[in-house]
Amino acid sequence: MEYVCNKRKIARILIEATVPMAIGNGEAGIITVSEVAVDYNGLPYIPGTSLAGVLRNASKELDKISDIFGTVSDKQAFGSKLIVSDAKIVDFNGVVVDALSKPSEELLKFYKDCPVRQHVKINSGGVAESSGKFDNQVVYKGTRFCFDLSCIITTSKDEDLFNEVLKIVNSGNLRIGSGTRKGYGKFEVISAWTVLFDLNNDNERNRYLDYSTLLSIDSETLKRWEQYSSTKTDNSECRKEFKIVPDDFIFFGSGFGNKNADDVPVFEKFLEWTDKGKADQKMGIVIPASSVKGAFANRFEYWYNALILNQGNGIDTQKGKEAKNILFGYVNGQEQVPGLIFIDDIIEDCTIKSKVFNHVKIDRFTGGAFPGALYNEEAIYSKGTSFTFSISIDKQSLESRCKNTDHQSDKILKAVDLVVRDLKEGLLPLGGLSNRGHGNFKESPDVSQN
């Protein structure tokens, strides 16, 4: 019989968004169809319900995980032993903005207008749907949040499960919010502290009663907790990370113009944290993952078909499309299958050198210019700037999805490797104006990691 105990274990976790996060409030705004969720100060936050849902889904393979997350069925129903707080924003000085604490004017000004990303709805044929343009608001890269996980422990199994959940949080595989297949939601655990209270002990029970749920708890109190660390040994994801350098000009359009050009590149502010726990505001060039993903998917389909042809199976373009749907997901009417590949947004701080290119729309019939059809585009000269390209594949889900088909996960991963090779060798241009010589990349001379 399992020993019955009465304990409470609490983990305080500080995370940093390594890419922008799309944490929507479910409502549309004046300029976007999805606004960022904000607290009473007007600052972004992550609702505890969102965190709980992400953790529950990520922990579904753990044995008896419903013991701490709760369950509802025809035979039994009991509540969750796991309590997840809202994740509150951290100001530029490393202090959590919690309860009735007054945020600085600088912080309020910085987050008053979060970036808006534009997207186009793509149908199953791979083309844009009519009236399918939409956009969403995101939280800046580098934003830090703090939240608590606490667990009511009545058996030793509860504590083991809670520790497994902490490992999942620290694994680097989790993503928060929407648009996780568009480059959003990835985060890094900066620090984590845990404390265990045995309520059967008078002193421990008094310590628990004195415990404050304020996330802005002073550092001296936190130092009396145990610092949590976990070795990242999870092999459920296949990861590739390498650096690429543009040959010269790149162009990833923002959809907006300025006084010099009709279409200008995407720039976005982000935060960079110092060793002293202070945040510096930066401005960087954005290479949206949603833009990279389209080029990557098309080249993947080509290479998958080529691999089949090399095996003497003849040309069957339908096979490449099926494999692409397995890896990248698809939407067909009411059927929605999420993708298994995650490509991160790239935002790099660099010296910005731009050039305006003049163009004239040509009449294909006469070969002459259309009257009044002069337009300008502003491209970025970024030769020598190194961009870190990161891609992750849910290998376990890929193997499971291939199991009942005639596709092999190893062959899909091989096609991905060939696309990466093309990108490294400058054979896969990215972004707009690629047919005019822009967007060619090569692997950086720096050592790459696969």
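# Report on cavities, strand pairing and buried positions

The largest cavity is lined by Leu51, Val54, Leu55, Phe147, Val169, Leu174, Ile176 and Phe187. The structure is a predicted model, in which local features need pLDDT of at least 70 and side-chain atom pairs count only at pLDDT 80 or more, whereas totals for chains, interfaces and linings use all residues. Residues are numbered from 1 along each chain as its sequence is written, and side-chain values use heavy atoms, with hydrogens and water left out.

**Cavities.** A cavity is a set of points, on a 1 Å grid over the protein atoms alone, where a 1.4 Å probe fits but cannot get out; lining residues have an atom within 4 Å of a point. By this rule there are 3 cavities of 30 Å³ or more, and the volume of the largest is about 60 Å³. Such a volume is the space filled by probe spheres set on grid points, which are joined across faces, edges and corners. Helix H1 (residues 48–58) supplies the largest share of the lining of the largest cavity, with 3 residues. That lining consists of 8 nonpolar residues, with no polar and no charged ones; Ala, Val, Leu, Ile, Met, Phe, Trp, Tyr, Cys and Pro count as nonpolar, Asp, Glu, Lys and Arg as charged, and the others, including Gly, as polar.

**The chain as a whole.** The chain holds 10 helices and 22 strands, taken as DSSP runs of at least four residues (H or I) and at least two residues (E), respectively, and numbered from the N terminus. Of its 450 residues, 46% are buried, that is, under 20% relative accessible area with a 1.4 Å probe and protein chains only. The accessible surface comes to about 23600 Å², with 47% belonging to carbon and sulfur atoms; areas follow the Shrake-Rupley method with a 1.4 Å probe. Among contacts (heavy atoms within 4.5 Å) with a separation of 6 or more, 71% link residues 24 or more positions apart.

**Strand pairing.** Two strands pair if DSSP finds at least two bridges between them. Strand S1 has 10 of its 11 residues buried, so it is largely enclosed by the rest of the structure. The table lists pairs that run antiparallel.

| Strand pair | Bridges | Opposed residues |
|---|---|---|
| S1 (residues 7–17) and S9 (residues 187–198) | 11 bridges | Ile10 and Val195 |
| S1 (residues 7–17) and S8 (residues 144–153) | 10 bridges | Ile15 and Phe145 |
| S13 (residues 267–273) and S14 (residues 279–287) | 7 bridges | Phe270 and Lys282 |

**Backbone angles.** The hairpin of S13 and S14 has 5 residues between the strands, and Gly277 there takes a positive phi near 80°. Lys64, in the loop between H1 and helix H2 (66–69), has a phi near 60°, a positive value in a residue other than glycine. Most residues other than glycine have a negative phi.

**Two buried positions.** Val286 lies in strand S14 and is buried, at a relative accessible area of 0%. Beyond residues up to four places away in sequence, Val286 touches Arg117, Phe252, Val266, Phe267, Glu268, Ile346 and Ile347. Its C-alpha atom is 7.3 Å from that of Asp345, 59 residues away in sequence.

Pro265 belongs to the loop between strand S12 (249–250) and S13 and counts as buried at 7% relative accessibility. Leaving aside neighbours within four places in sequence, Pro265 is in contact with Phe251, Phe252, Gly253, Ser254, Glu378 and Ile380. The C-alpha atoms of Pro265 and Gly255 are separated by 8.1 Å, with the two residues 10 apart along the chain.

Notes
Buried means under 20% relative accessible area, exposed over 50%, partly exposed in between (1.4 Å probe, protein chains only). On a 1 Å grid over the protein atoms alone, a cavity is a set of points where a 1.4 Å probe fits but cannot get out, and a pocket is an open set with protein on both sides within 12 Å along at least five of seven lines; lining residues have an atom within 4 Å of a point.
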